Amino acid sequence: MATGRFLAFEGIDGSGKSTQASRVAKGLEARLAFEPGDTVLGAALRELLLHDFSSDPTSVAEALLMAADRAQHVETVIVPELASGRHVVTDRFNGSTLAYQGFGRGLDRNVLEQVLSFATGGLTPDLTIVVDCDLETARERSTGLKADRLEQLDPSFHARVRAGFLTLAEANSSWVVINGEQSLHEVATAVNAAIAHHLGLEVKE
Ligand code: ADP
């Protein structure tokens, strides 16, 4: 049986990436995955990383906990699904660690790359789609939701993260950037075109 294809959505909170990830997973009959928190261990790590304001991990601890979440996710969910022939669409993957802990927190990106390689066994998405949007638009779209530990960091942090995603996309031929400022329909059309072009897959309505 052929291996499934692996697709990641990345972007700042409020960019619209989760909306696209769930739509695409449905249209491809793929496993919808997300990070952090898509395993039993991961759910506990997500709580510590995003919702427990008293845990206060250092930047290095934060990066390693994100990597631990990914290691568990890759080995127990993503690899088995891909091996069974099912496509996997994940809401965040390595790109988020590089953007948030690398560009945002200022950790050494070469070291992070090594940590991520260890955590994932070298698995990388066939296609990474960055849904890019202005900080202000993202903030407006996120109103009403309680900001988590990373979301409540200052705008300059999120500006570095956004710029980080764009820098990573420029350096990787398997990454594409979609303008998330567009209407939902326009974003969906651009995302579907990128998937058709890079993976040869049609996202059904
Ligand atoms: P993220 O996963 O990046 O945090 P979501 O996909 O959860 O973002 O979207 C945040 C909010 O913005 C949701 O209410 C969603 O319906 C809305 N939204 C997403 N994409 C768009 C868009 N292109 N135009 C307008 N609203 C959008």
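Mentor: Before we start, a definition: a residue counts as buried when its relative accessible area is under 20%, and as exposed when that area is over 50%. The model itself is predicted.

Trainee: Fine. Take strand S3 then. Are its two faces covered or open?

Mentor: Covered, on both sides. Val88 and Thr90 are buried on one face, and Val89 and Asp91 are buried on the other. The strand spans residues 88-91.

Trainee: Which strands does S3 pair with, S1 first?

Mentor: S1, residues 6-10, pairs with S3 in the parallel sense over 4 bridges. Within that pairing, Phe6 has Val88 as its bridge partner. S2, residues 31-34, also runs parallel to S3 and is joined to it by 4 bridges. There, Ala33 is partnered with Thr90.

Trainee: What is the strand order of the sheet?

Mentor: S2-S3-S1-S4-S5, an open sheet of 5 strands with parallel pairing. S2 and S5 are the edge strands; each has a single partner, so one side of each has no neighbour in the sheet. The average turn between neighbouring strands is 20 degrees, with direction ignored.

Trainee: Back to Thr90. What is it in contact with, beyond its sequence neighbours?

Mentor: Leaving out residues within four places in sequence, Thr90 is in contact with Phe6, Leu7, Ala8, Phe9, Ala33, Phe34, Glu35 and His73. Its relative accessibility is 0%, so Thr90 is classed as buried.

Trainee: Switching to electrostatics. How many salt bridges does the structure hold?

Mentor: The count is 12. One of them joins Arg92 and Asp13, with 3.3 Å between the closest N and O atoms. That pair links distant parts of the chain, 79 residues apart: Arg92 is in the loop between S3 and H4, and Asp13 is in the loop between S1 and H1.

Trainee: And that Arg92, buried or exposed?

Mentor: Buried, because its relative accessibility is 9%. Asp13 is partly exposed at 25%.

Trainee: What does Arg105 pair with?

Mentor: Glu62, in a salt bridge with an N to O distance of 2.8 Å. Arg105 sits in the loop between H4 and H5, while Glu62 belongs to H3, so the bridge ties together parts 43 residues apart in sequence. Arg105 is partly exposed, with a relative accessible area of 26%. Glu62 is buried, at 0% relative accessibility.

Trainee: Which residues are linked in a network of salt bridges?

Mentor: Arg31, Asp38, Glu81 and Arg86. Within that group, the side chains of Arg31 and Asp38 meet at 3.1 Å, N to O. Asp38 is buried, with a relative accessible area of 15%.

Trainee: Helices next. At what angle do H3 and H4 pack?

Mentor: About 175 degrees, with the axes 11 Å apart. H3 and H4 are therefore roughly antiparallel, since angles over 145 degrees fall in that class. On the H3 side the contact is made by Ser59, Glu62, Ala63, Met66 and Arg70, and on the H4 side by Asn94, Thr97 and Gln101.

Trainee: How many of those residues are nonpolar, polar and charged?

Mentor: The contact has 2 nonpolar, 4 polar and 2 charged residues.

Trainee: How many residues of H4 are buried?

Mentor: 11 of its 11, so H4 is largely enclosed by the rest of the structure. The buried residues include Leu98, Tyr100 and Phe103.

Trainee: What do the buried residues of H4 pack against?

Mentor: S1, H3, H5, H7 and S5. H7 covers residues 155-171, and S5 covers 175-179.

Trainee: What follows H4, and what about its phi?

Mentor: Gly106 follows H4, and its phi is positive, near 90 degrees.

Trainee: Last one: where is His185?

Mentor: In helix H8, residues 184-199. His185 counts as exposed because its relative accessibility is 61%. Its C-alpha atom is separated by 39 Å from that of Ala61, which lies 124 residues away along the chain.

Note on methods:
Residues are numbered from 1 along each chain as its sequence is written. This is a predicted model: local features need pLDDT of at least 70, side-chain atom pairs count only at pLDDT 80 or more; totals for chains, interfaces and linings use all residues. Side-chain values use heavy atoms; hydrogens and water are left out. Buried means under 20% relative accessible area, exposed over 50%, partly exposed in between (1.4 Å probe, protein chains only). Two strands pair if DSSP finds at least two bridges between them. A salt bridge is a side-chain nitrogen of Lys or Arg within 4 Å of a carboxyl oxygen of Asp or Glu. Axes are lines fitted to C-alpha atoms, for helices over the stretch in contact, and angles run from 0 to 180 degrees between N-to-C directions. Angles under 35 degrees count as roughly parallel, over 145 as roughly antiparallel, 65 to 115 as roughly perpendicular and the rest as oblique. Contact means heavy atoms within 4.5 Å. Ala, Val, Leu, Ile, Met, Phe, Trp, Tyr, Cys and Pro count as nonpolar, Asp, Glu, Lys and Arg as charged, and the others, Gly among them, as polar.
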